[in-house]
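Please examine the sequence and the model shown below before reading on. The explanation then proceeds from surface to interior.

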Amino acid sequence: MNNVPNLLSLSRLVATVVIFVLVLVDEPWSFLITTALFLLASATDLLDGYFARSLGQQSSFGRMLDPIADKLLVASCLLMLAADETIKGWSLWAAIVILCREILVSGLREYLAELRVSVPVTRLAKWKTTVQLVAIGFLLAGKAGDEVISFVTGNELTPVVTYSGLTLLWISAIVTLYTGYDYFRAGVRHLIEE
């Protein structure tokens with residue numbers, strides 16, 4: 001349990017709690033710190049898998065903890081962004097699609113694991129995760145990021161950071177539907193065979 005990959009996964013759980021607290025502070029500086037912390041936590045998602053393979057520290061606990069830490073980080077950030085109305089209106093549908101896919105895939109993976117069927121993560125699913133994390137990073141920076149850009153450029157406040165995040169969120173949601181369908185198709189095939 002006390003190996004580098006597991007500690008990185010645990011750090012994502014801790015970061016999720018700290019991000020929640022910082023969002024509640026609701027100050028421009030807290031959103032910039034939140035964004036930086038979120039990006040660091042997102043980087044640990046790449047690093048824990050790399051270290052697990054390269055150091056030979058793969059474990060059952062790590063295989064269970066890693067997706068839980070990922071899903072809690074993403075889901076809690078999406079819910080917080082919806083609560084503070086950074087994600088609102090039609091864009092809520094993108095967040096709902098992402099959350100529903102995460103729940104569906106988690107359930108399917110658990111079901112398929114009982115059948116001893118492994119569904120490998122596709123390259124497209126990895127890209128989807130990357131775009132999703134970048135989108136959430138932009139959205140967490142949101143208004144504070146827009147204000148920084150406005151100050152630096154000397155232009156009127158334009159929600160460039162927020163709009164970029166929402167656009168990436170929609171791209172992620174569309175790819176999420178496709179990758180979710182792949183998992184669903186694999187799960188149904190095994191369900192029918194059983």
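The paragraphs that follow treat a nonpolar surface patch, a network of salt bridges, and a helix with its link to another helix.

The model is predicted, and side-chain atom pairs are considered only at pLDDT 80 or more. This condition applies to the individual salt bridges discussed below.

The account begins at the surface. V17, F20, V21, L24, V25, W29 and I33 make up a nonpolar patch there, and their accessible area together is about 660 Å². Two helices, α1 (4–25) and α2 (28–54), each provide at least two residues of this patch. Helix α1 provides the largest share, with 5 residues. One member, V21, belongs to α1. With a relative accessibility of 45%, V21 is classed as partly exposed, because that class lies between the limits of 20% and 50%. The spacing of residues along a helix is relevant to such a patch. An α-helix has 3.6 residues a turn, so residues three or four places apart point the same way.

The charged residues come next. The salt-bridge count comes to 7. Within this set, R12, D45, D48, D66 and D70 are linked in a network. R12 is buried, because its relative accessible area of 1% falls under the 20% limit. Two salt bridges of R12 can be described in detail. In the pair with D66, the closest N and O atoms lie 2.6 Å apart. This pair links distant parts of the chain, since D66 is in helix α3 (residues 60–83) and R12 is in helix α1, 54 residues apart. In the pair with D70, the closest N and O atoms lie 2.8 Å apart. D70 is in helix α3 and R12 in helix α1, so this salt bridge ties together parts that are 58 residues apart in sequence.

The acidic partners can be placed by their accessibility. D66, at 21% relative accessibility, counts as partly exposed, because the value is not under 20%. D70 counts as buried, because its relative accessibility of 16% is under 20%.

Another member of the network, D45, is located in helix α2. Which residues does D45 contact, leaving aside its neighbours within four places in sequence? They are R12, D66, D70 and T129. D45 is itself buried, with a relative accessible area of 18%.

The last part concerns helix α4, which has 24 residues (91–114). At 1.5 Å a residue, α4 should span 34 Å, and its end C-alpha atoms are 36 Å apart, which agrees. The buried residues of α4 are S91, A94, A95, I98, L99, R101, E102, V105, L108 and L112. After α4 comes R116, whose phi is positive, near 60°.

One of the buried residues of α4, E102, has a relative accessible area of 10%. The side chain of E102 meets that of K128 in a salt bridge, at 3.3 Å from N to O. E102 lies in helix α4 and K128 in helix α5 (residues 123–153), so the pair ties together parts that are 26 residues apart in sequence. K128 also counts as buried, at 2% relative accessibility.

Definitions and conventions: Residues are numbered from 1 along each chain as its sequence is written. This is a predicted model: local features need pLDDT of at least 70, side-chain atom pairs count only at pLDDT 80 or more; totals for chains, interfaces and linings use all residues. Side-chain values use heavy atoms; hydrogens and water are left out. Helices (H or I, at least four residues) and strands (E, at least two) are DSSP runs, numbered from the N terminus. The expected span of a helix is 1.5 Å times one less than its number of residues. Buried means under 20% relative accessible area, exposed over 50%, partly exposed in between (1.4 Å probe, protein chains only). Patches are made of residues with over 30% relative accessible area and no salt bridge: like charges are joined within 9 Å, nonpolar side chains (Val, Leu, Ile, Met, Phe, Trp, Tyr) within 5 Å. Accessible areas come from the Shrake-Rupley method with a 1.4 Å probe; for residues, only the protein chains shown count as cover. A salt bridge is a side-chain nitrogen of Lys or Arg within 4 Å of a carboxyl oxygen of Asp or Glu. Contact means heavy atoms within 4.5 Å.
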